[in-house]
Amino acid sequence: MEIGFLLKKFISFFLEPIGLVLMLFFFGIYYLYKKNERRAEIFLVSSFFILILFSYPPFANYLVSKLENQYPKYDYKQVVKYIHVLGNGHNTDNEQPLSSQLASASLKRVIEGIVIHNKIEDSKIIFTGYEARTDISQAQMNAKMAEALNILPEDILINPLPKDTKEEALFTKTVVGSDPFILVTSASHMPRAMILFESLGMHPIAAPTNFYKSEFRGYFRAPSAHALYISTIAIHEYIGILWAKLRAII
């Protein structure tokens, strides 16, 4: 696996909520050990505050809504040849059914891609994504799910090599060129994906799925692990968008 890819993952971890909280906490412990109580207090209180903030449901919902509101759900009206379903995650535990081996986001992306494919005659579905820590690629797992749902193998294109969205975009460009195509991914990931695909001169039509936002339920909400998870997803995407824009400038 490329060093640059691993380095990017390592750095992004410490910019996301859990990594940031851990980093501040360990700095606090370090200064506590060094008998610098003032700095220890600053870092420990900061780590606690950030943990509570990102675990607060209204704040998490605000973060993810700013991403997911950028593209509405697909209207199922465009007629194009290709539908690109981006990869997400999976496992290979044979004691689980195929539907459980796919991550929740992956399953929703595949289902949305199939729904769109069934509405467009002679369309093709593109699945991309590498194997990560397993022995089978995300693209192949998604294709297996599609075939289990009666999609013909000849209507599926697979590339098991891309490790990130940019590599997925580069592959699809070799297939669709500058022609319009439908892009299926999680709603929170769609803004970054659109930036990357459009930066290559491509013309994706957004078909977001796997929404995390929810209706407003008041400010008196207790912090939760689910809200922290949503905040982490949102911050990961904001970091990705910033990185994509910086790379475009550079």
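Reader: Which elements do the buried residues of α9 pack against?
Author: This is a predicted model, where local features need pLDDT of at least 70, side-chain atom pairs count only at pLDDT 80 or more, and totals for chains, interfaces and linings use all residues. Residues are numbered from 1 along each chain as its sequence is written, and side-chain values use heavy atoms, without hydrogens and water. Taking contact as heavy atoms within 4.5 Å, the buried part of α9 packs against α4, β1 (82-85), α8 (165-176), β4 (180-186), β5 (203-209) and α10.

Reader: Why is α9 largely enclosed by the rest of the structure?
Author: Look at M190, P191, R192, A193, M194, L196 and F197, which are buried (under 20% relative accessible area, with a 1.4 Å probe and protein chains only). Helix α9 covers residues 190-199 (helices are DSSP runs of H or I, at least four residues, and strands of E, at least two, numbered from the N terminus). It's largely enclosed because the buried residues number seven of the 10.

Reader: And which residue with a positive phi follows α9?
Author: Just follow the chain on from the helix. With phi near 80°, the residue is G201.

Reader: How many bridges pair β4 with β5?
Author: Start with β4 itself, which is mostly covered, six of its seven residues being buried. On the β1 side, I83 has I182 as its bridge partner in β4, and those two strands pair in the parallel sense over three bridges (a pair needs at least two DSSP bridges). On the β5 side, T185 stands opposite P208. There the pairing is parallel too, and the bridge count is seven.

Reader: Through which helix does the chain cross from β4 to β5?
Author: This β-α-β crossover is right-handed, that is, clockwise from the first strand over the helix to the second with the strands pointing away from the viewer. The helix on the way is α9.

Reader: What about β2 and β3: which residue of β3 stands opposite T128?
Author: β2 (124-128) and β3 (156-159) pair in the parallel sense over four bridges. Between them the chain runs through α7 (138-148) in a right-handed β-α-β crossover. Opposite T128 you'll find N159.

Reader: Which element gives the most to the lining of the second largest pocket?
Author: That pocket has a volume of about 260 Å³. Among its 16 lining residues, P57, P58, N61, S214 and R221 are the closest to the centre. Two elements give two or more residues to the lining, α4 (57-68) and α10 (225-249). The top contributor, with four residues, is α4.

Technical notes: On a 1 Å grid over the protein atoms alone, a cavity is a set of points where a 1.4 Å probe fits but cannot get out, and a pocket is an open set with protein on both sides within 12 Å along at least five of seven lines; lining residues have an atom within 4 Å of a point. Grid points are joined across faces, edges and corners, and a volume is the space filled by probe spheres set on the points. Buried means under 20% relative accessible area, exposed over 50%, partly exposed in between (1.4 Å probe, protein chains only).
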